[in-house]
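Here is a short briefing to read with the model open beside you. Take the topics in any order you like.

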Amino acid sequence: MKKLNEHEKYMKLAIKEALKASEIDEVPVGAIILFEGKIIARGYNKRNKSQNATAHAEHIAIEKACKKLKSWRLENCELYVTLEPCPMCAGAIIQSRIPKVYFGAFDPKGGCFGSCVDFREIKGFNHYPNVQGGILQEECAMLLKEFFKSKRKNKGE
């Protein structure tokens, strides 16, 4: 059995969060935030359940991390998320000064760290995170594919 590297280990934990979203019929996206190597926040999509457009996994995890650290600056943190961040979440990442972002599946319809646009290429921001995508990409993408496949099947019944 292949030993997981550090990034895969943390992405597996983000996937666990995504599964929580799926259990409540939300788009399965999960996130975790580490501070100095220790998990300090977790989040998963709750947009439909809360009827709140900002209730994305990353946004929820960022809010929890800020509360935990008693600071809006998350300068020594790392974010792991199962899907490439959207414009809102990429903006929150930049605003909270998260230096390292790792994501699983690329999002060709809304991803803002390379798929639709790359916020790191927009001049003028005062912070640009290092971003690595494609960690456990197939596993993360499969969660989404299965979720939407199920939605289409149930809609057709």
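## Charged pairs and quiet corners

The side chains of Glu 139 and Lys 12 meet in a salt bridge, with N and O 3.0 Å apart. Glu 139 belongs to helix α5 and Lys 12 to helix α1 (residues 6-23), so this pair ties together parts that lie 127 residues apart in sequence. Please keep in mind that this is a predicted model. The points below start with the charged pairs and then move to single residues, a helix and a surface patch.

**Salt bridges**

- The count of salt bridges comes to five, and the pair of Glu 139 and Lys 12 is one of them.
- Both partners of that pair are partly exposed: Glu 139 has a relative accessible area of 32%, and Lys 12 has one of 31%.
- Arg 42 forms a salt bridge with Glu 17, where the closest N and O atoms are 3.8 Å apart. This pair also links distant parts of the chain, since Arg 42 is in strand β2 and Glu 17 is in helix α1, 25 residues apart.
- How buried or exposed are these two partners? Arg 42 is partly exposed, at 33% relative accessible area, while Glu 17 is buried, at 3%.
- Arg 120 forms a salt bridge with Asp 118, and their closest N and O atoms are 2.6 Å apart. Arg 120 counts as partly exposed at 30% relative accessibility, whereas Asp 118 counts as buried at 10%.
- Glu 17, Lys 20 and Arg 42 are joined into one network by salt bridges that share partners.
- As background, side chains of opposite charge can pair when their charged atoms come close.

**Glu 84, a buried acid without a salt bridge**

- Glu 84 sits in the loop between β3 (77-83) and α4 (87-95).
- Which side chain of opposite charge is nearest to Glu 84? That side chain is Arg 120, 7.2 Å away, and Glu 84 is buried yet has no salt bridge. A salt bridge needs the nitrogen and the carboxyl oxygen to be within 4 Å.
- Glu 84 does have polar partners: its side chain reaches the backbone nitrogen of Phe 113 at 3.0 Å, and a polar contact of 2.5 Å joins it to the side chain of Ser 115.
- Setting aside residues up to four places away in sequence, Glu 84 touches a group of residues that includes Phe 103, Ala 105, Phe 106 and Asp 107. Gly 111, Cys 112, Phe 113, Gly 114 and Ser 115 are also among the residues it touches.

**Asn 45, a buried polar side chain**

- Asn 45 is placed in the loop between β2 (38-44) and α2 (47-50), and it counts as buried at 10% relative accessibility.
- Which backbone atoms does the side chain of Asn 45 reach? The side chain reaches the backbone oxygen of Val 27 at 3.2 Å and the backbone nitrogen of Ala 57 at 2.9 Å.
- Beyond its neighbours within four places in sequence, Asn 45 is in contact with residues including Ala 21, Ile 24, Glu 26, Val 29, Ala 55 and His 56.

**Helix α4 and the positive phi angles**

- Cys 89, Ala 90, Ala 92, Ile 93 and Ile 94 are buried in α4. The cover over the buried residues of α4 includes α3 (57-69), β3 and β4.
- Just after α4, Arg 97 takes a positive phi of about 65°. Arg 97 lies in the loop between α4 and β4 and counts as buried at 12% relative accessibility.
- Leu 136 also has a positive phi, near 50°. Leu 136 lies in the loop between β5 and α5 (137-156) and is buried, with a relative accessible area of 18%.
- For context, most residues other than glycine have a negative phi.

**A nonpolar patch on the surface**

- Val 117, Ile 122, Phe 125 and Tyr 128 form a nonpolar patch on the surface, and together they have about 290 Å² of accessible area.
- Where in the chain does Phe 125 lie? Phe 125 is in the loop between β4 (100-105) and β5 (130-132), and it is partly exposed, with a relative accessible area of 31%.

Terms used. Residues are numbered from 1 along each chain as its sequence is written. This is a predicted model: local features need pLDDT of at least 70, side-chain atom pairs count only at pLDDT 80 or more; totals for chains, interfaces and linings use all residues. Side-chain values use heavy atoms; hydrogens and water are left out. Helices (H or I, at least four residues) and strands (E, at least two) are DSSP runs, numbered from the N terminus. Buried means under 20% relative accessible area, exposed over 50%, partly exposed in between (1.4 Å probe, protein chains only). Lys and Arg count as positive and Asp and Glu as negative; His and the chain ends are not counted. A polar contact is a pair of N or O atoms within 3.5 Å; within protein, one must be able to donate a hydrogen and the other to accept it, and residues adjacent in sequence count only if both atoms are side-chain atoms. Contact means heavy atoms within 4.5 Å. Patches are made of residues with over 30% relative accessible area and no salt bridge: like charges are joined within 9 Å, nonpolar side chains (Val, Leu, Ile, Met, Phe, Trp, Tyr) within 5 Å. Accessible areas come from the Shrake-Rupley method with a 1.4 Å probe; for residues, only the protein chains shown count as cover.
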